[in-house]
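Where does a ligand sit, and what surrounds it? Look at the structure below and follow the ligand outward to the space around it.

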Amino acid sequence: MIHGAPRRAPLRLGLTGGIGSGKSTVGQWLASFGAALVDADRIAREATAAGGIAVPAIRAAFGDAMIDKDGAMDRARMRELAFRDAGARQRLEAIVHPLVGEAIQAAAMQAAAAGARVVVFDIPLLAESERWPPQLDRILVVDCSEATQIARVQARSGLPRETIEAIIASQAPRAARRALADMVLHNDGIPLDTLRSEVRRIADGFGL
Ligand code: ADP
């Protein structure tokens, strides 16, 4: 046991925002200022990648045909199946969600054990979830107009406008996200270095 004051549990900060809001950028900066970053999207992708924690159960439930030669879930096939068969989609979610939830908690515990003051949970679909908000001490929402979202995602990925609009429509509306927020970062019409200063200020507020 190391001497000194007992270590406090880290603050659990939820970070969310629609696609193209700047959420990942804000998360990276918070991490660079000393927060531990738990990236829910990355953990979810890893769960179904080669050697991922959800692969054995997916193989057992859906058969070898859904696993590619590298041992990853065959995303294209599964997407196609889930699209036409809602039951299959539910079975897949029932396998993947709890495992991803456990992996997220494990990552957060590891960060706490390593002495993190703040753990940032980067959760794209936070506002769509009933489970997450009660587990967080604070929620930071990165917000911008839909037009800005579209422009940024187009510049980043070159996806067609209709596809981006469909993704935005599938996510919680802006108002629902903002209703959850303890803090809102308005990331519209400001340069990146202004955004960075705002994030620095928020990090200061958390003692980072
Ligand atoms: P999200 O994770 O919300 O999808 P990102 O953080 O990946 O969004 O940001 C989307 C893109 O927009 C990135 O290329 C990022 O550099 C850019 N971006 C975000 N905020 C600004 C800003 N204030 N000014 C200019 N570019 C920005």
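Serine 24 reaches the ligand with its side chain: an N or O atom there is 2.4 Å from an oxygen atom of the ligand. This model is predicted. Backbone atoms take part as well. In lysine 23, a backbone N or O atom lies 3.0 Å from a ligand oxygen. In serine 21, a backbone N or O atom lies 3.1 Å from an oxygen atom of the ligand. How much of the ligand does the protein bury? Taken alone, the ligand exposes 560 Å², and the protein buries 75% of that.

Now take in the whole shell. The ligand has 13 residues around it. Those that come nearest are Gly20, Ser24, Thr25, Arg156 and Asn187. Sorted by class, the shell holds seven polar, three charged and three nonpolar residues.

Which helices supply at least two residues of this shell? They are H1, spanning 23-32, and H6, spanning 146-157. H1 gives the most, with three residues.

Step back to the space that holds the ligand. The ligand sits in the largest pocket. That pocket has a volume of about 1800 Å³. It is lined by 50 residues. Closest to the pocket centre are Asp41, Ala44, Arg45, Pro124 and Leu125.

Many elements build this lining. H1 and H6 each supply at least two residues here too. So do strand S2 (36-39) and helix H2 (40-48). Helices H4 (75-84), H5 (86-113), H7 (161-170) and H9 (192-205) each supply at least two as well. Which element has the largest share of the lining? H5 does, with eight residues.

The lining can also be sorted by class. It has 21 nonpolar, 16 polar and 13 charged residues. Set beside it the shell around the ligand, with three nonpolar, seven polar and three charged residues.

Key: Residues numbered from 1 in each chain as written. Predicted model: local features only at pLDDT ≥ 70, side-chain atom pairs only at ≥ 80, totals over all residues. Heavy atoms only, no water. Near = heavy atom within 4 Å. Polar contact = N/O pair within 3.5 Å; in protein donor to acceptor, adjacent residues only side chain to side chain. Areas by Shrake-Rupley, 256 points an atom, 1.4 Å probe, with all protein chains shown as cover. 1 Å grid on protein atoms, 1.4 Å probe; cavity = no way out; pocket = protein on both sides within 12 Å on 5 of 7 lines; lining within 4 Å. Sits in = over half its atoms within 2 Å of the grid points. Helix = DSSP H or I, 4+ residues; strand = E, 2+ residues; numbered from the N terminus. Nonpolar A, V, L, I, M, F, W, Y, C, P; charged D, E, K, R; others polar. Points joined across faces, edges and corners; volume = space filled by probe spheres on them.
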